[in-house]
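Subject: Handing over a structure, with notes on its spaces and one helix contact

Dear colleague,

I am passing a structure on to you, and I would be glad if you could look it over alongside the notes below.

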Amino acid sequence: MAADPGAGPHPPPDVELAHRRTTWGVMRSRTVGTPREGVPEVVVVPGLAVADYLQPALCELGAWTRAHLVELPGFSGSGEPPHPLDVAQFTDAVVQWLDGSGLDRVVLAGHSSGTQVAARVAVRRPGDVRALVLASPTVDPRYRSLRRVLLAWRRNHALEPPSLDAQHTSERQRAGLRRVRHALSAHLADALEDVVPQVRVPVLVLWGDRDRLCTEEWARELAALAPDGRFRVLPGAHSFVWTAPDAWSAPIERLALELP
């Protein structure tokens, strides 16, 4: 089913919804919290084909700053793209969203495949991004084939609660299997470790201690590859942002407040 603007999961009434046109389709965003003097705002890029699972984690960020969750074209509540997009085109969509948002000097946080998009945005817009957060980064080179990543996903899935599937189901159904498979293939072909060394702002890598889609070794390697990198272990599997939405808020806030 086509992803029409405004359709899809409906956030709580205290979440501000907005739609912004890009070359790659209309992007819906969710905003919580209030801007605070001297505190950068946070922009969050979600994982593959879904966004609703990040609502609680977004609200945790909104307790200390204004935070925005962008929904990529073709997924969740965003509009129909002209064709299935690759990582570079998702990146361009987020760049266009940032350009039209009036925001600058933000902390940009990606989760899962959203880390691949967020890192490329940080390279393209170093003046608009003050710091980059890579939470549960993908795709670990050990799993960079369709067969291996699906096996890793199955191992990780056994550690995630049934409530996560309940969150994802309607969004994945709206996107459709063909679009999800195309996006997965596009992300498998993208090497995050080639992008991170080009990021000239502080990079924080967050890794769940039960993550089976990303190894601790690779997550630490990403932090080491960044010119200004740091690493933090949090409790949970790949989707720790769902099982412990408050866990990432404190390290991101600490990073934000340390920025010059």
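The notes that follow cover the empty spaces first and then one pair of helices.

Please bear in mind that this is a predicted model, in which local features need pLDDT of at least 70 and side-chain atom pairs count only at pLDDT 80 or more, while totals for chains, interfaces and linings use all residues. Residues are numbered from 1 along each chain as its sequence is written, and side-chain values use heavy atoms, with hydrogens and water left out.

The largest pocket (on a 1 Å grid over the protein atoms alone, an open set of points with protein on both sides within 12 Å along at least five of seven lines) holds about 680 Å³ of space, a volume being the space filled by probe spheres set on the points, which are joined across faces, edges and corners. Its lining (residues with an atom within 4 Å of a point) is made up of 30 residues, and those nearest the centre are Leu-48, Trp-153, Arg-172, Leu-184 and Leu-213. Helices H4, H5 (162–175) and H6 each supply at least two residues of that lining, where helices are DSSP runs of H or I with at least four residues, numbered from the N terminus. By class, the lining has 15 nonpolar, eleven polar and four charged residues, with Ala, Val, Leu, Ile, Met, Phe, Trp, Tyr, Cys and Pro counted as nonpolar, Asp, Glu, Lys and Arg as charged, and the others, Gly among them, as polar.

There are also two cavities of 30 Å³ or more, a cavity being a set of points where a 1.4 Å probe fits but cannot get out. The largest cavity has a volume of about 60 Å³, and its lining includes Pro-46, Phe-75, Phe-90 and His-187. The second largest cavity, with about 40 Å³ of space, is lined by residues including Phe-75, Phe-90, Arg-179 and His-182, and H6 gives the most to this lining, with three residues.

Finally, the axes (lines fitted to C-alpha atoms over the stretch in contact, with angles from 0 to 180 degrees between N-to-C directions) of H4 (residues 146–157) and H6 (residues 177–188) come within 11 Å and cross at roughly 105°. H4 is therefore roughly perpendicular to H6, a term that covers angles of 65 to 115 degrees. In this contact (heavy atoms within 4.5 Å), Leu-146, Val-149 and Leu-150 of H4 meet Arg-181, Leu-184 and Leu-188 of H6. The residues of the contact divide into five nonpolar, no polar and one charged.

With best wishes

Note on methods: Angles under 35 degrees count as roughly parallel, over 145 as roughly antiparallel, 65 to 115 as roughly perpendicular and the rest as oblique.
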